[in-house]
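This tour proceeds by selection: each stop proposes something to pick in the viewer and then describes what is found there. Please open the structure and keep the sequence at hand.

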Amino acid sequence: MMSVGETGGMEETLTIIKPDAVRAGNTGRIIAHLEDARFEIQAMRRMHLSRAQAEAFYAVHRERPFYADLVAFMTSGPVVAIALARENAVAHLRDVMGATDSTQAAEGTIRNLYGTNIQNNAIHGSDSPENAAIERAFFFAACDLVGR
Ligand code: GDP
């Protein structure tokens, strides 16, 4: 039997194209990169996060020294949140995204191509199926999600 969050052999995750990449005009290129990597786009939303929204989204990082900077960055301009599905979606997105520090990200990854440094790294990707479910619910209602 399928559990919530699964669609056949598919797994679900969430990405956010961050303000640096949106500002640089790389939204379309990053979406194309994800489609070329066989991710299905289930829902997409462009928005400018409020401070309260960014603080809530990154609440797990509340105690980290970079939290205030991260919230300021994530509210510095519009983002594009995208609900994604494919086989092994969480791990595969982490692969195509690359390491957190854009300067260390492997050749050809999204952060290598479009990120600048450890903070301005172009894209977010959920780090587990559990967090993917929480993060997807933050941006999208069940009625927003459209399959193939
Ligand atoms: P991720 O899962 O690869 O996105 O990395 P983390 O969950 O560790 O961090 C969340 C986000 O915080 C990263 O994507 C960066 O935008 C930012 N970040 C992480 N480490 C640092 C840091 O040392 N300094 C700053 N300014 N931002 C950071």
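Which helix supplies the largest share of the lining of the largest pocket? It is helix 7, with four residues of that lining. Before this region is examined in detail, it should be said that the model is a predicted one.

**First stop: the whole chain**

Display the entire protein chain as a cartoon. It contains seven helices and four strands, and in sequence order these follow the pattern β-α-α-β-α-α-β-α-α-β-α. The C-alpha trace spans about 45 × 35 × 25 Å along its principal axes. A compact globule of 148 residues would have a radius of gyration near 15 Å, and the chain agrees with this because its own value is 14 Å.

Now switch on the surface. The accessible surface of the chain comes to about 7,900 Å², and carbon and sulfur atoms account for 52% of this area. Buried residues make up 44% of the 148 residues. Of the contacts between residues at least 6 apart in sequence, 75% join residues at least 24 apart.

**Second stop: the largest pocket**

Select Tyr58, His61, Phe66, Leu70 and His124. Of the 23 residues that line the largest pocket, these are the closest to its centre. The volume of the pocket is about 620 Å³.

Next, colour helix 3 (51-57), strand 4 (123-125) and helix 7 (129-139); each of these elements supplies at least two residues of the lining. If the lining is then coloured by residue class, ten nonpolar, seven polar and six charged residues appear.

**Third stop: Glu135**

Remain with helix 7 and select Glu135, which lies in this helix. Is Glu135 buried or exposed? Its relative accessibility is 12%, so it counts as buried, the cut-off for that class being under 20%. Beyond residues up to four places away in sequence, Glu135 touches Leu14, Phe57, His124 and Ser126. One of these partners, His124, was also selected at the pocket, among the residues closest to its centre.

Add Thr13 to the selection. Glu135 and Thr13 are 122 residues apart in sequence, while their C-alpha atoms are 8.3 Å apart in space.

**Fourth stop: Val79**

Move to strand 3 (residues 79-86), where Val79 is found. With a relative accessible area of 0%, Val79 is buried. What surrounds Val79, leaving aside its neighbours within four places in sequence? Its contacts are Ile16, Ile17, Lys18, Pro19, Val22, Arg45, Arg46, Met47, Leu49 and Met74. For a distance check, select Leu14 as well: Val79 and Leu14 are 65 residues apart in sequence and 13 Å apart from C-alpha to C-alpha.

**Fifth stop: two residues with positive phi**

Finally, select Arg38 and Ala122 and inspect the backbone. Arg38 has a positive phi, near 70°, in a residue other than glycine. Ala122, likewise not a glycine, has a positive phi of about 70°.

Where is each residue placed? Arg38 is in the loop between helix 2 (27-36) and strand 2 (40-47), and Ala122 is in the loop between helix 6 (110-114) and strand 4. Their accessibilities can be compared on the surface display. Arg38 has 61% relative accessibility and therefore counts as exposed, whereas Ala122, at 0%, counts as buried.

Terms used
Residues numbered from 1 in each chain as written. Predicted model: local features only at pLDDT ≥ 70, side-chain atom pairs only at ≥ 80, totals over all residues. Heavy atoms only, no water. 1 Å grid on protein atoms, 1.4 Å probe; cavity = no way out; pocket = protein on both sides within 12 Å on 5 of 7 lines; lining within 4 Å. Points joined across faces, edges and corners; volume = space filled by probe spheres on them. Nonpolar A, V, L, I, M, F, W, Y, C, P; charged D, E, K, R; others polar. Rg over C-alpha atoms; globule rule 2.2 N^0.38 Å. Buried < 20%, exposed > 50% of the residue type's maximum accessible area, 1.4 Å probe, protein only. Contact = heavy atoms within 4.5 Å. Areas by Shrake-Rupley, 256 points an atom, 1.4 Å probe, with all protein chains shown as cover.
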